[in-house]
Amino acid sequence: MSETLLEDRPQCFNLTESAAKRIRFLAQQEGGATTLRLAVTGGGCSGFQYNFSFDDAVTGEDKLFERDGAAVVIDETSLELLAGSELDFVEDLVGAAFQVKNPNATSKCGCGSSFSV
């Protein structure tokens, strides 16, 4: 059985209806920037962490993903680690947060904010 390299995986990314709704709400609150930027950076207790920010600057290295009027931008380097992932927004008794369901993550920390591949 051969191992699939990250570079060989399709560069797709999905937003749930809940995530799109929350992005639209937060974008209205921001007043200016309307695009959510999701980036993967080194750090956290597992090696990589997700960073969220609002940003209207889209570069040639960015990929844009849209659903129901909400937009997420991911740079190509981060997308390699996020290929096949889904962004969800979950509200429960503990709180409310964006969750990245990343099939590339081999492990994650207890709080879910960092991961390794």
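## Close-up views of a predicted model

The structure holds 3 aromatic pairs. This is a predicted model, and the legends below take it one close-up at a time.

**View 1. Phe52 and Phe98 form a stacked aromatic pair.** The two ring centres sit 5.6 Å apart, with 20 degrees between the planes. Phe52 belongs to strand β3 (residues 47-54) and Phe98 to strand β7, so this pair ties together parts that are 46 residues apart in sequence. How accessible is Phe52? Phe52 has a relative accessible area of 34%, so it is partly exposed. Phe98 comes out at 18% relative accessibility and counts as buried.

**View 2. Phe98 also pairs with Phe89, this time edge-to-face.** Here the centres are 5.2 Å apart and the planes meet at 65 degrees. Both of these residues, Phe89 and Phe98, are buried. Put the ring pairs together and you get a cluster of Phe52, Phe89 and Phe98.

**View 3. Strands β1, β6 and β7 make an open sheet of 3 strands.** The order is β1-β6-β7, and the pairing is mixed. Which strands stand at the edges? They are β1 (13-15) and β7 (96-101); each has a single partner strand, so one side of each is left without a neighbour in the sheet. From one strand to the next, the twist averages 20 degrees. Helix α1 (residues 17-30) lies across β1, β6 and β7, and runs at about 70 degrees to β6.

**View 4. β6 and β7 form a hairpin.** There are 4 residues between the two strands, and Gly95 in the turn has a positive phi of about 155 degrees. Strand β6 (residues 85-91) pairs with β7 in the antiparallel sense, over 6 bridges. To follow the pairing by eye, look for Val90, whose bridge partner in β7 is Ala97. Then find Asp88, which has Gln99 as its bridge partner in β7.

**View 5. Asp88 and Lys101 form a salt bridge.** Their closest N and O atoms are 3.3 Å apart. Lys101 sits in strand β7 and Asp88 in strand β6, so the salt bridge ties together parts that are 13 residues apart in sequence. Is Asp88 buried or exposed? At 11% relative accessibility, Asp88 counts as buried. Lys101, on the other hand, is partly exposed, with a relative accessible area of 41%.

**View 6. Asp62 reaches Arg37 in another salt bridge.** A search of the whole structure finds 6 salt bridges. In the one shown here, the closest N and O atoms of Asp62 and Arg37 are 2.9 Å apart. Asp62 is in strand β4 (residues 62-67) and Arg37 in strand β2, so the pair ties together parts that are 25 residues apart in sequence. Both partners, Asp62 and Arg37, are buried. Bring Asp55 into the frame as well: Arg37, Asp55 and Asp62 are linked in a network of salt bridges.

**View 7. Lys63 and Glu76 link a strand to a helix.** Their side chains meet in a salt bridge, 3.9 Å from N to O. Lys63 lies in strand β4 and Glu76 in helix α2, so parts that are 13 residues apart in sequence are tied together. Lys63 is partly exposed, with a relative accessible area of 36%. Glu76 also counts as partly exposed, at 36% relative accessibility.

**View 8. Thr35 is buried in strand β2.** The strand covers residues 35-43. How accessible is Thr35? Its relative accessible area is 10%, so Thr35 is buried. Looking beyond residues up to four places away in sequence, Thr35 touches Ser53, Phe54, Asp55, Asp56, Leu64, Ala71, Val72 and Val73.

**View 9. The largest nonpolar core has 20 residues.** Which residues have the most contacts inside it? They are Phe13, Ile23, Leu38, Val72, Ile74, Leu82 and Leu87. At least two core residues come from each of β1, α1, β2, β5 (70-75), α2 (76-82), β6 and β7. Leu38 is a handy place to start looking: leaving aside residues up to four places away in sequence, Leu38 touches several others, including Phe13, Tyr50, Phe52, Val72, Ile74, Leu82 and Val100.

Notes:
Residues numbered from 1 in each chain as written. Predicted model: local features only at pLDDT ≥ 70, side-chain atom pairs only at ≥ 80, totals over all residues. Heavy atoms only, no water. Buried < 20%, exposed > 50% of the residue type's maximum accessible area, 1.4 Å probe, protein only. Contact = heavy atoms within 4.5 Å. Pairing = 2+ DSSP bridges. Axes fitted to C-alpha atoms, helices over the stretch in contact; angles between N-to-C directions. Core = buried A, V, L, I, M, F, W, Y, C linked by side-chain atoms within 4.5 Å. Phe/Tyr/Trp six-rings, centres within 6.5 Å; stacked < 30°, edge-to-face > 60°. Salt bridge = Lys/Arg side-chain N within 4 Å of Asp/Glu carboxyl O.
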